[in-house]
Amino acid sequence: MTSTTWLIILLVLSLAGNAALAFRLVRTDRAALPQAPVPALAQPSGVDPELVSSRARLDDLRREVAATHELLRGRDLELTRVRALLKDTQETSAAAAMQPAGLQQELHVARQRLRTLEGEVRGLARERDDARSDADGLKRRLAEAEAEGGTPLGPNALSPAVPRRLPLGRDATSDSSVDGADLGPLVVRAASVRGDRARREGEHRREAFLLRFVEEMRTPTLLSAVAAGVPHGRWSQSAADRACRNLAAQVARYGDTLGHQLYGPVGSDDDLTGLLRTALQGVAHSMRLVTRGEGPGGEPDDAAIGVALTGLLSRLGDSRQREHVAFGIGDGALMVLRDGVWASAFTPGETVAERGLRLPAAAQQVRCARLTTRPGDLLALCSSSVADLLVRPEAGDWFAERWAGRQPYLTSFLSEVNVPVRSPGGDRTVVCLWDFGDARETPSADS
């Protein structure tokens, strides 16, 4: 019991003792009153002094009894207040006894929430540390490669030149392919490599590129093309390769007319688009020959040969402003590096729906655009996976530093396309064209 409870009990006992004492006093006085003789009536002849004294004593006793009653009423009120106070104290004690349980429950919930938040913070910290570690490792490997003048692959990285597994399936082709040419002031390098995911799973490369000199045009012109087959397509590599090769055949077939549309004084964009649409319809017809008899009812299986195709026609020779025409269907891209900054010069699909279009079904949806480059510009005709790398800050800056104003060896260019940067794992295919304006200003290879 608390000290407050003991104090209340002592106060109650004290009040009870005072009340009992006052009660005994009243009984004693009342018992003593009948002992006095009943006074006789006052005689007219005089006043009895003893009677007067008794009456005065009786009046004093009555006043004492009235005072005692007032005292008892006051004590009763005080006792009532004490009882109410005791009740409040008991209720407060009970509430105080229950309060720690509620606080304990709230504290338990708060601790659980704190542990959850701490776990989330630790997870975010791990992700941040992993990202920093990857970035630091990449920077370190690239710095070592720059210092050694070799490839940017670390000692523990999987060399892209020696994959661990050969591609499987009837449509398999080489893991990597590289090509290029020094065409006076225009230097071109091209590479296509199998993605990390395809290497892990033993899938074949589904992308292809093409470089062709268009002899049928009176003005010297270079045709560059990049084709990307659908993921997991059984005939995606054959379809991509056939799309590139047949595009060269269709451009050659309409070469004279295309030359007039490209470089003639009366050429129009509508006529050029219509001519390219006709050429791509011929490409689509050739692609369907790959799966003739493979689809339902012996029809070609378009789902197995879907290809995103992006092409570029570039005028050769010395020029302070070089003319190009980009065209295509799907999610490829043409990027330009100017003053150390990558920018999109042309995308066949501007919307999500257009980026999902594929040959041979969407041959009618071809888009084209004219553009010019000046000395020092670099054009990169690439598949979507390489375009995504070029717009990423760290990877894009590294490629810009490696490729700006250079004329790399084929082996160096292949290794740079294979730089071990974390990506979704798709194949990488790119055709790079360096415009030096004048052949006399073209640097030597890998300078």
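**Entry 1: a loop with a cis bond**

I began with Pro-360, which lies in the loop between helix 7 (352–355) and strand 9 (367–373). The model I am reading is a predicted one, and in it a cis peptide bond joins Leu-359 and Pro-360, with omega at about 5°. I then looked up Ala-361, which is found in the loop between helix 7 and strand 9 as well. Is Ala-361 buried or exposed? I noted a relative accessible area of 65% for Ala-361, and because exposed means over 50%, this residue counts as exposed. Setting aside residues up to four places away in sequence, I found that Ala-361 touches Arg-288 and Asp-302. I also looked up the pair Ala-361 and His-285, which are 76 residues apart along the chain, and their C-alpha atoms are separated by 9.8 Å.

**Entry 2: the whole chain**

Next I stepped back to the overall counts, and I recorded 10 helices and 11 strands in the protein. Of its 447 residues, 39% count as buried. The accessible surface comes to about 25,100 Å², and 54% of this belongs to carbon and sulfur atoms. For contacts between residues at least 6 apart in sequence, I noted that 71% join residues at least 24 apart.

**Entry 3: two cores**

Which residues touch the most other members of the largest nonpolar core? I found that they are Leu-223 and Leu-247, in a core of 39 residues. The elements that give two or more residues to this core include strand 3 (207–213), strand 4 (221–229), helix 4 (236–253) and helix 5 (255–263), and helix 6 (269–288), strand 5 (307–315) and strand 6 (322–329) are also among them. Helix 6 supplies the largest share, eight residues. I followed Leu-223 further and, leaving aside neighbours within four places in sequence, listed some of its contacts, including Leu-210, Leu-211, Leu-247, Val-251, Leu-312 and Phe-327. A second, separate core has 27 residues, and Leu-337, Val-386, Phe-399 and Phe-413 are included in it. As background I wrote down that nonpolar side chains tend to be buried together in soluble globular proteins.

While on helix 6, I looked up Thr-273, which has its place there. Its relative accessible area is 17%, and since buried means under 20%, Thr-273 counts as buried. Apart from neighbours within four places in sequence, Thr-273 is in contact with Val-366 and Cys-368.

**Entry 4: helices 8, 9 and 10**

I turned to helix 8 (residues 384–391), whose buried residues are Ser-385, Val-386, Ala-387, Leu-389 and Leu-390. What covers these residues includes strand 3, strand 7 (333–338), strand 8 (341–346), strand 10 (378–382), helix 9 and strand 11 (428–435).

How do helix 8 and helix 9 pack, and at what angle? I read an angle of about 95°, with the axes 5 Å apart, and the two helices are therefore roughly perpendicular to each other. In this contact, Leu-389, Leu-390 and Val-391 of helix 8 meet Pro-393, Ala-395, Gly-396 and Phe-399 of helix 9. By class, I noted six nonpolar residues, one polar and no charged ones in the contact of helix 8 with helix 9.

Helix 9 (residues 393–403) also packs with helix 10 (residues 410–417), at an angle of about 175° and with their axes 11 Å apart. Because an angle over 145 degrees counts as roughly antiparallel, I wrote this pair down as roughly antiparallel. Trp-398, Phe-399, Arg-402 and Trp-403 in helix 9 meet Phe-413, Glu-416 and Val-417 in helix 10. The residues of this contact divide into five nonpolar, no polar and two charged.

**Entry 5: a strand residue and a loop residue**

Where does Val-431 lie? I placed Val-431 in strand 11, and at 0% relative accessibility this residue counts as buried. Its contacts, not counting neighbours within four places in sequence, include Val-188, Phe-209, Leu-211, Ser-224, Val-226, Leu-379 and Leu-381. Val-431 and Ser-224 are 207 residues apart along the chain, while their C-alpha atoms are separated by 7.1 Å.

My last look was at Asp-339, which lies in the loop between strand 7 and strand 8. Phi of Asp-339 is near 55°, a positive value in a residue other than glycine. With a relative accessible area of 69%, Asp-339 is exposed.

Technical notes:
Residues numbered from 1 in each chain as written. Predicted model: local features only at pLDDT ≥ 70, side-chain atom pairs only at ≥ 80, totals over all residues. Heavy atoms only, no water. Axes fitted to C-alpha atoms, helices over the stretch in contact; angles between N-to-C directions. Helix = DSSP H or I, 4+ residues; strand = E, 2+ residues; numbered from the N terminus. Parallel < 35°, antiparallel > 145°, perpendicular 65-115°, else oblique. Contact = heavy atoms within 4.5 Å. Nonpolar A, V, L, I, M, F, W, Y, C, P; charged D, E, K, R; others polar. Buried < 20%, exposed > 50% of the residue type's maximum accessible area, 1.4 Å probe, protein only. Areas by Shrake-Rupley, 256 points an atom, 1.4 Å probe, with all protein chains shown as cover. Core = buried A, V, L, I, M, F, W, Y, C linked by side-chain atoms within 4.5 Å.
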